[in-house]
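User: Could you walk me through reading an enclosed space in a protein model? I'd like the general idea, then the case at hand.

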Amino acid sequence: MKSKTKKLKYQIFLYMALGLAIWFLISTSLSEFLYYLEDKRGVEFPFRFYIVLNVVQVCLLVLVNIPFLSFLIKHVDKPVQEIIVSLNEIGDENYDVKIDFESQNEFDKIKDAFNKMAEKLSEAEKIKRNAENDRILLFANMAHDLKTPITSIIGFSKALNDGIICDEEKKSEYIKTINTKAVRINALIDRVFEYVKLESSDNILKIEECDVAEILRNCVADFYTEFETKKISLEIEIPEKKIIKAVDPVEISRVFTNLLNNILKHNSEGIKALVKMDENGRVLIADSGEKISDELSQNLFKPFVSGDFSRNSKNGSGLGLSLSYKIMKKHGGNLSLKREIEGYTKAFVAEL
């Protein structure tokens with residue numbers, strides 16, 4: 001419903017015209033009355049009387065314009081002062097400021113526009129603050145996760161360099177451990193690079209019309225041997241017909257790969273898994289393995305999320321789900337967790 005606002009210039013003109021009209025009527029009536037007394041009744045007024053009369057008329061002019069002055073103070077001066085104060089607050093980065101007055105003219109529109117701007121600035125500031133906190137947390141956790149393998153590499157390499165280890169079999173074991181730790185560090189750095197690159201405004205998706213059903217089939221095929229090795233019973237429900245979507249095929253493949261990889265990395269042998277795509281391209285990847293706690297589910301898509309499901313797992317970097325979530329959001333879609341799936345303990349749902 002549109003508010004009933006009047007043009008400020010019309011309101012000022014109306015108050016001025018009304019005040020002058022009242023003053024004119026009273027002044028004219030008084031002059032006519034005095035003229036009647038002098039001309040008809042022969043009353044003579046002294047000169048001082050006319051001086052007093054002029055003063056009275058001036059006072060009368062001021063009195064009849066009091067409503068106009070009151071209007072200017074209430075509907076012009078006060079809004080202007082409040083806007084100035086609020087603008088100074090915005091300048092001091094206080095984006096929670098709001099202005100509130102009733103003027104029933106253009107100032108109401110200014111008020112609404114200002115409050116909307118302040119609200120958007122406040123939201124932008126919160127997003128910026130959260131992004132900064134996430135970035136600090138990202139690098140803090142990265143440093144934490146790099147410390148353990150680097151410490152191992154330093155210890156083992158020093159032992160080898162100092163000649164403490166003489167047994168060839170033990171040397172080979174140390175060298176293998178160093179290699180494993182180095183590979184893990186490299187994989188973690190690669191993941192962090194992917195995550196930071198994805199957050200960059202310069203990173204643009206290479207969108208094209210793709211058959212997402214075929215992309216998913218290829219991703220499942222890449223993991224099929226590993227599922228068999230781990231004795232995971234895999235059920236696949238992917239439409240035979242093409243499901244065409246405008247996506248970045250490389251990034252979408254990364255999402256499907258991360259979700260399939262999670263099943264292998266964070267579950268024991270002998271579970272069952274489901275990979276399903278409906279006619280709209282909605283993908284559900286479920287398993288009957290370890291459950292995800294309420295606490296962990298709240299932060300599952302944050303980088304380096306704490307919990308057995310990712311970060312404390314021997315194989316997890318804690319970035320796979322966060323990367324996947326950001327990729328889906330960049331596509332205008334969503335990635336969510338479902339914990340109430342018949343026959344399965346959890347499922348990740350990717351919607352485009």
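**Reading a cavity lining**

Analyst: Start with chemistry: the lining of the second largest cavity divides into 2 nonpolar, 1 polar and 4 charged residues. Here Ala, Val, Leu, Ile, Met, Phe, Trp, Tyr, Cys and Pro count as nonpolar, Asp, Glu, Lys and Arg as charged, and the others, Gly among them, as polar. This is a predicted model, where local features need pLDDT of at least 70, side-chain atom pairs count only at pLDDT 80 or more, and totals for chains, interfaces and linings use all residues. Residues are numbered from 1 along each chain as its sequence is written, and side-chain values use heavy atoms, with hydrogens and water left out.

User: What counts as a cavity, and how many cavities of 30 Å³ or more are there?

Analyst: A cavity is a set of points, on a 1 Å grid over the protein atoms alone, where a 1.4 Å probe fits but cannot get out; lining residues have an atom within 4 Å of a point. That rule gives 2 cavities of 30 Å³ or more. The second largest holds about 40 Å³ of space, a volume being the space filled by probe spheres set on the points.

User: Which residues line the second largest cavity?

Analyst: Its lining consists of Glu 194, Lys 197, Leu 198, Asn 203, Glu 251, Arg 254 and Ile 327.

User: Which helix supplies the largest share of that lining?

Analyst: Helices are DSSP runs (H or I, at least four residues), numbered from the N terminus. The largest share, 3 residues, comes from α5. Both α5 (168-199) and α7 (249-265) supply at least two lining residues each.

Notes: 1 Å grid on protein atoms, 1.4 Å probe; cavity = no way out; pocket = protein on both sides within 12 Å on 5 of 7 lines; lining within 4 Å.
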